[in-house]
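Hi,

Here is the structure I promised to pass on. Have a look at it first, and then read on for what turned up.

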Amino acid sequence: YEYAVPGTYPQVAIPGFDFEATNHIVATAASTPRGNLKGGYYSYPFAPNLNYDFERPLLTRLAEYAEGANLPLRERQLTYARLNTPATYIKAVKFEQFVSGNFLFSQYRIISNVEKVVTEDKTFTYNPASLSQSLAIAQKFIFSSTHHMLRETETTNSEGLVYKKFYKYAKDFSSITDVDLLAPDTSLVRQNECMARLNCESTYRHGTVIEETDAIQRPDNSLQYVSSSLVLFSTFGKSSGAWPSQILVYNGAAGFLPASVQSVGTKQTLSYSNKYRLSSHIQSLDEYGNILTTKGLDGLVTSTHFGFNKSLPVVSIVHASAKEVCYTDFETTTGYNLEYPIQSTNEMEAWSGKRSLRFTPSMTLTKDGIRNTAGALGKYIVTLRVKASTSSNITLNAQFFNGSAWISSPLISRSSDSGLWKYLRTRDSMSGIPAR
């Protein structure tokens with residue numbers, strides 16, 4: 001391993017660099033002895049030098065050798081450069097008094113708004129039979145000169161093929177400031193609103209990735225686009241905030257171009273290729289921005305319920321939206337669980353997890369607002385695990401209200417199952433239950 005470690009003892013300054021060590025100055029009254037105090041560089045009480053941690057230690061070379069060999073089997077070389085952000089220098093002073101009439105002070109600088117990043121990463125793999133022969137892969141990292149985020153990566157292999165990957169962020173669309181709210185494409189209107197919201201200084205979301213595009217550079221330096229993805233956002237009817245709503249992918253047809261900002265009169269709008277196709281559609285979010293229900297290109301609907309203050313997923317659902325499912329584990333609330341008396345939960349025994357519910361004959365668990373999107377052909381499925389403490393048949397009734405009457409379906413725990421955890425299940429028709 002080889003590292004770059006500029007600006008270390010005993011260096012005072014580095015030609016061509018902005019590093020400088022701090023010079024300590026001792027001041028005394030004419031009649032006050034200095035004792036052991038000494039001025040100069042790197043001396044007690046060690047005032048800070050220019051903060052140079054962004055320059056060190058940076059890995060510059062990594063080589064792997066066979067045992068006893070002098071030449072590497074594999075080698076990696078890294079090159080760095082500072083981002084073109086304007087450096088800010090702040091002057092500071094350290095001042096100490098040791099005894100009356102005996103002082104030590106130092107003036108030093110603090111540098112800020114500086115960052116050093118990898119700009120090239122080369123890897124050489126050598127032929128063990130002839131270490132003078134190697135395969136080389138060089139990867140370059142190109143950063144934007146305006147917002148200073150990674151704009152492009154470029155990978156060149158030993159055959160000279162160049163693969164490029166381009167990134168576009170919300171900041172690349174910050175010129176969308178005046179949105180035509182009356183435009184006929186309401187989805188695009190919401191997207192333009194979200195671009196403005198993502199670039200709002202108070203949200204700190206201008207680094208959100210909007211588009212990623214892969215291309216091959218031809219010998220004539222023209223680009224052949226091979227894949228791309230674009231994230232469209234929506235307000236989801238909220239007065240603030242922006243959330244992903246659609247993910248589009250490039251369909252491979254000719255004529256593709258990356259997204260850009262288009263001016264229409266005094267208005268601005270996002271313009272993206274008609275060679276994109278819908279890959280997935282985010283249908284609902286919770287109040288914390290967690291994705292609840294997504295519909296894929298194949299029509300498959302997947303959903304998630306979040307618990308523990310909406311911080312963790314507790315159940316994954318396939319073929320149903322979040323609002324079509326009611327799940328209860330008696331450990332956390334999700335907003336889609338049955339309502340139950342918390343004082344009746346049991347921490348001593350459970351089929352899974354740590355809690356169960358002590359069910360009494362008079363107890364009723366309810367949930368309002370479960371959706372029916374399948375219509376009359378769909379089925380409500382109720383499943384649960386029960387453990388009876390008495391040697392008798394116990395009937396639990398699952399009931400659904402169809403708008404005018406209750407549809408009841410029994411689930412029976414047999415007397416022979418006493419003391420055992422048993423799985424109960426019933427399927428009930430949605431016929432007569434309004435679709436909503």
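Let me start with a question: is Glu154 buried or exposed, and why? This is a predicted model, by the way. Glu154 counts as buried because its relative accessible area is 16%, under the 20% cut-off. You'll find Glu154 in strand 10, which covers residues 150-156. The Glu154 side chain makes a polar contact of 2.8 Å with the side chain of Lys164. If you skip the neighbours within four places in sequence, Glu154 is in contact with Lys164, Tyr163 and Val162, and also with Ala138, Gln139 and Lys140.

Next, a sheet. There is an open one made of 4 strands, ordered 3-2-7-6, with antiparallel pairing. Its edges are strand 3 (40-41) and strand 6 (88-99), each of which pairs on one side only. Further in, strand 2 (residues 23-28) and strand 7 (residues 102-112) run antiparallel to each other and share 5 bridges. If you want a spot to click on, Ala27 has Phe103 of strand 7 as its bridge partner.

Last, the largest nonpolar core, which has 21 residues. Phe173, Ile210, Leu230, Phe233 and Leu270 have the most contacts inside this core. Two or more residues each come from helix 1 (186-198), strand 13 (223-234) and strand 14 (243-250), and helix 1 contributes the most, with 5 residues. Phe173 is a good place to centre your view: leaving out residues up to four places away in sequence, Phe173 touches Lys168, Met195, Asn199, Ile210, Ala259, Ser260, Val261 and Leu270.

Cheers

Conventions:
Residues numbered from 1 in each chain as written. Predicted model: local features only at pLDDT ≥ 70, side-chain atom pairs only at ≥ 80, totals over all residues. Heavy atoms only, no water. Buried < 20%, exposed > 50% of the residue type's maximum accessible area, 1.4 Å probe, protein only. Polar contact = N/O pair within 3.5 Å; in protein donor to acceptor, adjacent residues only side chain to side chain. Contact = heavy atoms within 4.5 Å. Pairing = 2+ DSSP bridges. Core = buried A, V, L, I, M, F, W, Y, C linked by side-chain atoms within 4.5 Å.
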